[in-house]
Amino acid sequence: MNSRMIYVVSDSVGETAELVVKAAISQFINSATEVKRVPYVEDKGTLSEVVSLAKMNNAIIAFTLVIPELRSYLINEAKNENVIVFDIIGPLIDKMQDLYDLTPRHEPGLVRKLDEDYFKKIEAIEFAVKYDDGRDPRGILRADIILVGVSRTSKTPLSQYLAHKRLKVANVPLVPEVEPPEELFKVAASKCVGLKISPEKLNNIRRERLKSLGLDDHAIYANINRIKEELDHFDKIVEKIGCEVIDVTNKAVEETANIILHRISKKSNF
């Protein structure tokens, strides 16, 4: 069984090219093909060396080079030395540029940056779930934003929405009978956001919630006097924290989130 070799060349990590090459190799039974990755290529000298090695080993060169000068150089050098090269990403970039009238950035490693951005979002979403509804006060100290409010002020959906913007959000429900976690008063007030709502609106929301659960909508949870008591407690806590308050009475989650994001952009210490 003859050994075969493919050089994977990239001006970034080279993961994309290697995955494509291995996917192709997998289609052949008993193909003992060695893959050698040559990442972070920045100069023509390295390309010349790879072409020489490929010629010596009767190998193929598969590459993802987005810098035009390096791409052209490798293609020309390989042609001069009768070495087979396969451009994995270049032709598609060319087609997109022509068809959509776009200008490529020619910047290596952008896919990896996108991947990192994706994982940051996943991490933020998991954080929001873990520290939802005051489950673990330790999350308050690690959060980018802490949402504070009584029950049914959209703390959870707002936490998830902001998590998709890669922000780690913890939320804390306020109940008169329960002392707020001490961590709430240890973080910077600029990280906290109080969610205010009118008693009448909250009364309607809670009554509908009880109905949806098949419960009596006249329960204490939806009692207007009880709601006013909770909101008075909320006012005292946010005043003690010294944080900003957003009235969410007639606001959609997206609207409240945009207000918070706008404030973040204006305050580097938020």
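Colleague: What makes the length of helix α3 (residues 68-80) agree with its 13 residues?

Modeller: At 1.5 Å a residue, counted for one less than the number of residues, the 13 residues of α3 should span 18 Å, and the end C-alpha atoms of α3 are indeed 18 Å apart, so the two values agree. Helices (H or I, at least four residues) and strands (E, at least two) are DSSP runs numbered from the N terminus. This is a predicted model, in which local features need pLDDT of at least 70 and side-chain atom pairs count only at pLDDT 80 or more, while totals for chains, interfaces and linings use all residues. Residues are numbered from 1 along each chain as its sequence is written, and side-chain values use heavy atoms, with hydrogens and water left out.

Colleague: Which residues of α3 are buried, and how do you know that they lie on the same side of α3?

Modeller: Leu70, Arg71, Leu74 and Ala78 are the buried residues of α3, where buried means under 20% relative accessible area, exposed over 50% and partly exposed in between, with a 1.4 Å probe and protein chains only. Those residues cover an arc of only 100° around the axis, which puts them on the same side of α3; the arc is taken from the directions from the helix axis to the C-beta atoms. The face turned away from that buried side carries the exposed residues Glu69, Lys79 and Asn80.

Colleague: What do the buried residues of α3 pack against?

Modeller: Counting contact as heavy atoms within 4.5 Å, the buried residues of α3 pack against α2 (44-56), β3 (60-64), β4 (85-87) and α4 (90-100).

Colleague: Why is the pair of tyrosine 118 and phenylalanine 119 called edge-to-face?

Modeller: Rings of Phe, Tyr and Trp (its six-membered ring) pair if their centres lie within 6.5 Å, and planes under 30 degrees apart count as stacked, over 60 as edge-to-face and the rest as tilted. The structure holds two aromatic pairs. In the pair of tyrosine 118 and phenylalanine 119 the centres are 5.4 Å apart and the planes stand at 70°, so the pair is edge-to-face. In the pair of phenylalanine 127 and tyrosine 131 the centres are 4.5 Å apart and the planes stand at 50°, so that pair is tilted.

Colleague: Are the residues of these pairs, phenylalanine 119 and phenylalanine 127, buried or exposed?

Modeller: Phenylalanine 119 has 54% relative accessibility and therefore counts as exposed, whereas phenylalanine 127, with a relative accessible area of 4%, is buried. Their partners are tyrosine 118, which is partly exposed at 44%, and tyrosine 131, which is buried at 5%.

Colleague: How do you know that the charged end of arginine 206 sits over the ring of tyrosine 221?

Modeller: The rule asks for NZ of Lys or CZ of Arg within 6 Å of the ring centre and within 35 degrees of the ring normal, and the charged end of arginine 206 sits over the ring of tyrosine 221 at 4.5 Å from its centre. Lysine 240 likewise lies over the face of phenylalanine 185, at 4.5 Å from the ring centre.

Colleague: Why is strand β6 (residues 169-173) described as largely enclosed?

Modeller: Four of the five residues of β6 are buried, so β6 is largely enclosed by the rest of the structure. Five bridges join β5 to β6, and the two run parallel; strands pair if DSSP finds at least two bridges between them.
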